[in-house]
Amino acid sequence: MDIIIKVNNQSIGRDKLARFIQYISKLVWHQLETRNANKYSIDRIKNLENAFSSFRKILRLGRCIDVCYIALDSMSIEDPFLRLTITVSKLSHSLFLYADHIVWLAKSGFLKTDSDTWNQTANKFWLLSIIANLARDLYEILHLLQLHNSKFLRPSDLLNLSVHKFDLMSTLKHIHVLLLCHRDIFVDTLKNACDLFIPLTALGFIKLSPSAIGTLGAISSVAALITLVQPISKLVPS
């Protein structure tokens with residue numbers, strides 16, 4: 001109960017809690033739909049999903065400006081690769097939020113514009129932000145391997161797997177152990193890996209069921225909540 005109160009006292013925490021309920025609702029209504037459950041029950045859960053989606057859009061109003069300022073601050077990061085990936089991620093996320101604001105204003109009747117086009121634009125910026133985050137996660141993992149003097153995998157091995165021979169299973173096990181010891185990188189990678197498939201599906205690059213999207217979104221939301229409850233699990237700089 002104390003953890004829920006702590007999270008709910010933060011606007012970002014409320015957003016993540018609402019996001020978790022939103023995606024769990026998506027998972028539940030699709031599972032009921034595949035089982036030919038009562039249509040009234042399915043519609044009620046769909047309405048719950050839409051309500052929390054709208055609630056989150058309201059919570060995020062104006063946050064695009066805050067994220068833009070964070071992007072400007074990230075340009076002072078010393079490491080050039082981290083500076084590039086974090087800045088691109090934050091700028092893309094800021095533009096995603098801006099487009100998301102337009103979608104909400106259009107659907108609420110405050111603005112006359114094509115909400116579907118803006119929704120696609122928002123998903124494109126969200127996808128770019130996630131890709132930048134995953135590039136940063138990969139960089140952090142490779143850096144960890146180098147720090148631990150790993151003989152299993154070097155960055156050059158990724159460029160030509162046919163030339164460099166190494167034990168793939170041993171490498172994966174080694175990476176798994178390292179990630180468990182560095183919870184911040186593990187949580188961030190898990191969150192971004194799950195999020196990746198949501199805009200990919202929305203943009204039509206892949207096709208996942210609402211149940212799969214709901215599951216991935218819920219896992220990603222839990223990972224984000226962990227970083228709020230346990231700040232030591234948050235990857236920095238971010």
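Leaving aside neighbours within four places in sequence, which residues is R19 in contact with?

**View 1. The surroundings of R19 in a predicted model.** Let us start with the answer: in this predicted model, R19 is in contact with R56, W126, D195, I198, G217, S220 and S221, once neighbours within four places in sequence are set aside. R19 itself is found in helix 2, which covers residues 11–34. With a relative accessible area of 5%, R19 is under the 20% limit and therefore counts as buried. Two of the partners are worth a closer look at the atomic level. The side chain of R19 makes a polar contact with the side chain of S221, at 3.0 Å. A polar atom of the R19 side chain also lies 3.3 Å from the backbone oxygen of G217.

**View 2. The salt bridge between R56 and D15.** Here R56 and D15 form a salt bridge, and their closest N and O atoms are 2.8 Å apart. Because R56 lies in helix 3 (residues 39–59) and D15 in helix 2, the pair ties together parts that are 41 residues apart in sequence. Are these two residues buried or exposed? Both R56 and D15 are buried. If you widen the view a little, R63 comes in too: D15, R56 and R63 are linked in a network of salt bridges. R56 also takes us back to the previous view, as R56 is among the residues in contact with R19.

**View 3. D100 and its two basic partners.** Which residues does D100 pair with in this view? One of them is K57, which forms a salt bridge with D100 whose closest N and O atoms are 2.6 Å apart. This pair links distant parts of the chain, with D100 in helix 5 (residues 80–107) and K57 in helix 3, 43 residues apart. The other is R60, whose salt bridge with D100 has its closest N and O atoms 2.4 Å apart. This second pair also links distant parts of the chain: D100 is in helix 5, while R60 is in the loop between helix 3 and helix 4, 40 residues away. As for burial, D100 has a relative accessible area of 4% and is buried. K57 is buried as well, at 13%, and R60 is buried at 7%. Side chains of opposite charge can pair when their charged atoms come close. A search of the whole structure finds nine salt bridges.

**View 4. Helix 6 and its N-terminal cap.** Helix 6 runs through residues 115–147. What caps its N-terminal end? The cap is D114: a side-chain oxygen of D114 lies 3.1 Å from the backbone nitrogen of D116. You can also check the span of the helix for yourself. At 1.5 Å a residue, the 33 residues of helix 6 should span 48 Å, and its end C-alpha atoms are 48 Å apart, so the two values agree.

**View 5. A nonpolar patch on the surface.** In this view, I65, Y69, L72 and M75 make a nonpolar surface patch of about 450 Å². L72 has its place in helix 4, which covers residues 63–74. At 48% relative accessibility, L72 lies between the limits of 20% and 50%, so L72 counts as partly exposed. An α-helix has 3.6 residues a turn, so residues three or four places apart point the same way.

**View 6. L208 in the loop before helix 9.** L208 sits in the loop between helix 8 (183–202) and helix 9 (210–229). L208 is partly exposed, with a relative accessible area of 29%. What does L208 touch, not counting residues up to four places away in sequence? Its contacts there are F197, T201, I213 and L216. The C-alpha atoms of L208 and I198 are separated by 8.5 Å, although the two residues are 10 residues apart along the chain. I198 may look familiar, as I198 is also one of the residues in contact with R19.

**View 7. The whole chain, for orientation.** To place the close-ups, step back to the full chain, which has nine helices and zero strands. Buried residues make up 38% of its 238 residues. Among contacts between residues at least 6 apart in sequence, 70% join residues at least 24 apart. The chain exposes about 13,800 Å², and carbon and sulfur atoms supply 63% of that area.

How values were computed
Residues numbered from 1 in each chain as written. Predicted model: local features only at pLDDT ≥ 70, side-chain atom pairs only at ≥ 80, totals over all residues. Heavy atoms only, no water. Helix = DSSP H or I, 4+ residues; strand = E, 2+ residues; numbered from the N terminus. Expected span 1.5 Å × (residues − 1). Polar contact = N/O pair within 3.5 Å; in protein donor to acceptor, adjacent residues only side chain to side chain. Patch = residues over 30% accessible without salt bridge, like charges linked within 9 Å, V, L, I, M, F, W, Y side chains within 5 Å. Areas by Shrake-Rupley, 256 points an atom, 1.4 Å probe, with all protein chains shown as cover. Salt bridge = Lys/Arg side-chain N within 4 Å of Asp/Glu carboxyl O. Buried < 20%, exposed > 50% of the residue type's maximum accessible area, 1.4 Å probe, protein only. Contact = heavy atoms within 4.5 Å.
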